[in-house]
Number of protein chains: 2
Amino acid sequence: MNARRKFRREGEERRRQDLIDATLDSVAEHGLEGATLRTIALRAGVTAGLIRHYFPGKEDLLQEAYAALMGRMTEQAKAALAMEDASPRQRLAAFVTANLDAPIIDQRVFSLWATFIGRAGADPALARAHREGYLGFRNEVETVVAEVLAAERRKPDAAELRHHAIAINAIIDGLWIEGCLAGEMFSPGELAAIGIKAVEAELGLAPLS
Amino acid sequence: MNARRKFRREGEERRRQDLIDATLDSVAEHGLEGATLRTIALRAGVTAGLIRHYFPGKEDLLQEAYAALMGRMTEQAKAALAMEDASPRQRLAAFVTANLDAPIIDQRVFSLWATFIGRAGADPALARAHREGYLGFRNEVETVVAEVLAAERRKPDAAELRHHAIAINAIIDGLWIEGCLAGEMFSPGELAAIGIKAVEAELGLAPLS
DNA sequence: GGCGTTGTTGTGCAAGTGTATAAATAGCCT
DNA sequence: AGGCTATTTATACACTTGCACAACAACGCC
């Protein structure tokens with residue numbers, strides 16, 4: 001009796017990914033405080049001791065989990081900008097829409113983002129990770145804005161461009177939060193429509209007739 | 001030897017307030033996980049056992065701390081709308097400015113907000129508290145917007161008004177986050193200026209000459 | 001098939017957690 | 001000054017936590 005538990009050996013990459021996913025699930029559900037090694041291991045279908053085999057300590061696991069989360073978020077958002085055969089204005093609209101519809105608008109993702117970012121003030125490594133992601137995102141915005149305005153035969157200077165990018169970034173972030181926290185208050189596509197209109201107003205674009 | 005520690009008896013209201021402040025400090029510095037009763041008590045200059053004398057349990061202390069935080073945030077923001085002798089447009093601009101300068105733009109406050117709001121997905125009471133605060137805030141915005149547009153002799157319908165309020169709310173929230181997380185990237189007053197311009201563009205107001 | 005490697009389990013441990021409760025004392029009332 | 005009472009300290013306790021380590025067994029290789 002008291003037979004030892006059966007198990008399977010998974011590939012290293014697979015196990016690490018499973019553990020990271022289990023970590024994100026645990027943090028989203030119970031917060032950083034409730035995400036214990038045992039909870040995480042249970043969710044991943046292994047025992048707690050195994051985590052130490054793949055990660056030096058809990059802190060490292062959390063950091064890798066945060067990096068994975070940010071990677072997935074920015075990856076999906078930037079994909080919308082990659083459309084080759086579309087006008088700058090269309091690509092900007094697609095970018096806004098991509099950021100304000102599923103799967104980016106998601107309460108679980110938001111909980112994770114908030115939980116981690118809440119520690120940015122105390123954790124310099126985390127703060128730096130955010131800063132880089134933010135600046136990258138804003139640069140993407142700034143590039144599209146420049147193209148949109150160029151197509152309108154307007155020549156904004158650098159400061160003007162920067163201000164537009166900051167404002168548009170804020171519009172997207174703000175609407176993202178509203179959607180994540182109170183998604184059912186908005187009809188599908190409503191946030192995206194509001195976002196596009198606000199962005200076009202910011203840029204002084206005439207409404208499409 | 002081993003003398004018992006000296007202490008002073010404070011008034012009940014004072015002690016509760018001190019404990020709540022110490023709780024917010026601890027959460028901002030160490031996150032929810034690191035905010036232990038002993039840490040909080042140390043910061044408040046008392047011993048851990050005393051907390052139980054004022055709060056039934058740790059959870060209650062955290063809830064009251066969150067409520068206090070939200071109260072302070074909204075109180076300061078709404079005050080800007082109370083200016084009696086000012087045009088609607090001036091009051092709207094003052095509102096935006098009040099939300100995008102110190103002391104609302106503050107990394108510590110942001111850390112607290114993010115840490116708590118990250119649990120809104122799992123904690124219904126917290127989610128409801130946020131929802132109410134958010135709707136109240138948005139209603140304030142909607143009211144001013146209606147006054148501003150009325151002063152311009154424009155008659156927006158309800159849906160239009162709602163969309164404006166949502167967008168303006170997003171602009172303020174988004175810029176607030178940017179300022180809190182990367183305050184030193186912006187010159188003083190820059191965020192407020194960007195915010196006012198973005199809001200006026202959203203409402204289609206002609207720039208003041 | 002047997003064997004070694006190593007991914008995986010299970011157990012142990014010291015430190016820290018929230019809560020309960022007894023003991024002490026500060027401050028008010030007379 | 002002396003006692004009463006409620007605030008405050010101090011200690012105890014059961015439990016959880018992250019981490020360390022020895023035993024084990026799944027899988028590849030010969």
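**Entry 1: DNA strand C**

I began with the protein around DNA strand C in this predicted model. There I counted 24 residues, and those that come nearest are A:R9, A:H53, A:Y54, B:R9 and B:R52. I then looked at which part of the strand faces the protein: sugar and phosphate make up 68% of the atoms of DNA strand C that come within 4 Å of it.

I sorted the residues of this surface by class and found 13 charged, 6 nonpolar and 5 polar. I also noted that α3 (51-54) of chain A and α2 (37-44) of chain B each supply at least two residues of it.

**Entry 2: Phosphate contacts from chain A**

Next I looked up individual distances to phosphate oxygens of DNA strand C. For A:R8, a polar backbone atom lies 2.9 Å from a phosphate oxygen. For A:E10, the partner is again a polar backbone atom, at 2.8 Å. For A:R15, an N or O atom of the side chain is 3.1 Å from a phosphate oxygen.

**Entry 3: Chain B against chain A**

I turned to the contact between the two protein chains, to which chain B and chain A each give 43 residues. The buried area is about 3600 Å², and carbon and sulfur atoms give 60% of it.

I found 6 salt bridges across this interface. In one of them, B:E184 pairs with A:R131, with the closest N and O atoms 2.7 Å apart. I also recorded 16 residue pairs in polar contact, both residues being at pLDDT 80 or more.

On the side of chain B, α1, α6, α7, α8 and α9 each give two or more residues. The largest share, 13 residues, comes from α8(B). By class, this side has 23 nonpolar, 9 polar and 11 charged residues.

Key: Residues numbered from 1 in each chain as written. Chains lettered and ligands numbered in written order. Predicted model: local features only at pLDDT ≥ 70, side-chain atom pairs only at ≥ 80, totals over all residues. Heavy atoms only, no water. Near = heavy atom within 4 Å. Polar contact = N/O pair within 3.5 Å; in protein donor to acceptor, adjacent residues only side chain to side chain. Helix = DSSP H or I, 4+ residues; strand = E, 2+ residues; numbered from the N terminus. Nonpolar A, V, L, I, M, F, W, Y, C, P; charged D, E, K, R; others polar. Contact = heavy atoms within 4.5 Å. Buried area = accessible area lost by both parts, 1.4 Å probe. Salt bridge = Lys/Arg side-chain N within 4 Å of Asp/Glu carboxyl O.
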